[in-house]
Amino acid sequence: MMKHRWTSIYKCTQLLWSFLLVLVIWNLPQYALADVNSQEINAIIRTRDIALQALNTRDFAKIQPYLHPNFTITTVDNQIFHKVPEFEKYWNQQFSSSIKDIKMQLKGDTLRTFLTPEIDVASGEAIASFSFKDGKAADMALRWTAVLQKLQDKWTIQSLHLSSNLLDNPVLNAAQQLGRILAVAGGVGGFLLGAVTMLLLRRRTKPRTERI
């Protein structure tokens, strides 16, 4: 009987501590947010706007001062970059094929959680507008998550992750459409080549009529 009572007390104590731990973790972002004023929020938004402008104008020198020394960028095709020149080369390569221009803009509200007054985890949605060299255009919905850290009175991007729906990708759709066109063209060309070849062979093997 005594053993059963101590077991019950132990379980209740564990449950109580678990509840308190969850409560503390749940309220941690609110405490951190309370220490962040509107001036800090505006500074974070300024860093975000500079990053968007750098992407849209392909002028990555603008964003260099606002990147964390150990920053990471993960693109929608699952490539990871830690240096600006490497990402700049990757970004410019996107315009070497069928893409003429890419413009990105944010969509909806930004969800923001401050782990500490100096660390902000933000996430939201965006739209990437593609202009193709054949005159067509398409939009792709994106989701993004960014971690910003305040260093030397400046909010820097520590990591940025972009994701998209691979089943609704305008670049992939354009490539697939081009592939289908090339396949049809190749099929028609093969058929015509085969028909001409057969015609030439029939002419060569056609029996000559003997004269009596």
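**Figure 1. The buried side of helix H3 in the predicted model.** Four residues of H3 are buried: Val84, Phe87, Tyr90 and Trp91. They share one side of the helix, because the arc they cover around the axis is only 130°. An α-helix has 3.6 residues a turn, so residues three or four places apart point the same way. Pro85 and Lys89 are exposed and sit on the face of H3 turned away from the buried side. The buried residues of H3 pack against four elements: H2, S1, strand S2 (80–81) and S3.

**Figure 2. The largest nonpolar core.** This core holds 36 residues. Those with the most contacts inside it are Phe60, Ile63, Phe87, Trp91, Ile102, Met104 and Phe130. Two helices, H2 (38–57) and H3 (84–93), each supply at least two residues of the core. So do the strands S1 (67–74), S3 (99–116), S4 (119–132), S5 (137–151) and S6 (154–164). H2 gives the largest share, six residues. In soluble globular proteins, nonpolar side chains tend to be buried together.

**Figure 3. The open sheet and helix H2.** Six strands make up the sheet, and their pairing is mixed. The order across it is S2-S1-S6-S5-S4-S3. S2 and S3 are the edge strands. Each has a single partner strand, so one side of each is left without a neighbour in the sheet. H2 packs on the sheet and touches S3, S4, S5 and S6. The direction of H2 makes about 160° with that of S3.

**Figure 4. The hairpin of S3 and S4.** Two residues lie between the strands of this hairpin. S3 and S4 are antiparallel and pair over 13 bridges. One of the pairs joins Met104 to Ala128 in S4. Met104 is also among the residues with the most contacts inside the largest nonpolar core.

**Figure 5. The hairpin of S4 and S5.** Here four residues separate the two strands. Gly135, in the turn, has a positive phi of about 95°. S4 and S5 run antiparallel and are joined by 13 bridges. Ile119 has Gln149 in S5 as its bridge partner. Ala122 is bridged to Ala146, also in S5. In a regular strand the side chains alternate between the two faces of the sheet.

**Figure 6. Leu148 and its surroundings in strand S5.** Leu148 belongs to S5. With a relative accessible area of 6%, Leu148 is buried. Asp120 is 28 residues away along the chain, yet the C-alpha atoms of Leu148 and Asp120 are separated by 5.1 Å. Leaving out residues up to four places away in sequence, Leu148 touches Ile44, Thr47, Glu118, Ile119, Asp120, Trp155, Thr156, Ile157 and Gln158.

**Figure 7. Ile63, a buried loop residue.** Ile63 lies between H2 and S1, in the loop. Its relative accessibility is 6%, so Ile63 counts as buried. Ile63 is also among the residues with the most contacts inside the largest nonpolar core. Beyond residues up to four places away in sequence, Ile63 touches Thr47, Ile50, Ala51, Ala54 and Ile157. Asp49 is 14 residues from Ile63 in sequence, and their C-alpha atoms are 9.7 Å apart.

**Figure 8. Positive phi at Asn78 and Gln152.** Most residues other than glycine have a negative phi, and most peptide bonds are trans. Asn78 is not a glycine, but its phi is positive, about 65°. Asn78 is found in the loop between S1 and S2. With a relative accessible area of 61%, Asn78 is exposed. Gln152 has a positive phi near 50°. Gln152 is found in the loop between S5 and S6. Gln152 is exposed too, with a relative accessible area of 82%.

**Figure 9. The chain as a whole.** The chain has four helices and six strands. From the N terminus on, the elements run α-α-β-β-α-β-β-β-β-α. Of the 212 residues, 24% count as buried. The chain exposes about 15600 Å², and carbon and sulfur atoms supply 61% of that area. Among contacts between residues at least 6 apart in sequence, 54% join residues at least 24 apart.

Terms used: Residues numbered from 1 in each chain as written. Predicted model: local features only at pLDDT ≥ 70, side-chain atom pairs only at ≥ 80, totals over all residues. Heavy atoms only, no water. Core = buried A, V, L, I, M, F, W, Y, C linked by side-chain atoms within 4.5 Å. Buried < 20%, exposed > 50% of the residue type's maximum accessible area, 1.4 Å probe, protein only. Arc of directions from axis to C-beta. Contact = heavy atoms within 4.5 Å. Pairing = 2+ DSSP bridges. Axes fitted to C-alpha atoms, helices over the stretch in contact; angles between N-to-C directions. Areas by Shrake-Rupley, 256 points an atom, 1.4 Å probe, with all protein chains shown as cover.
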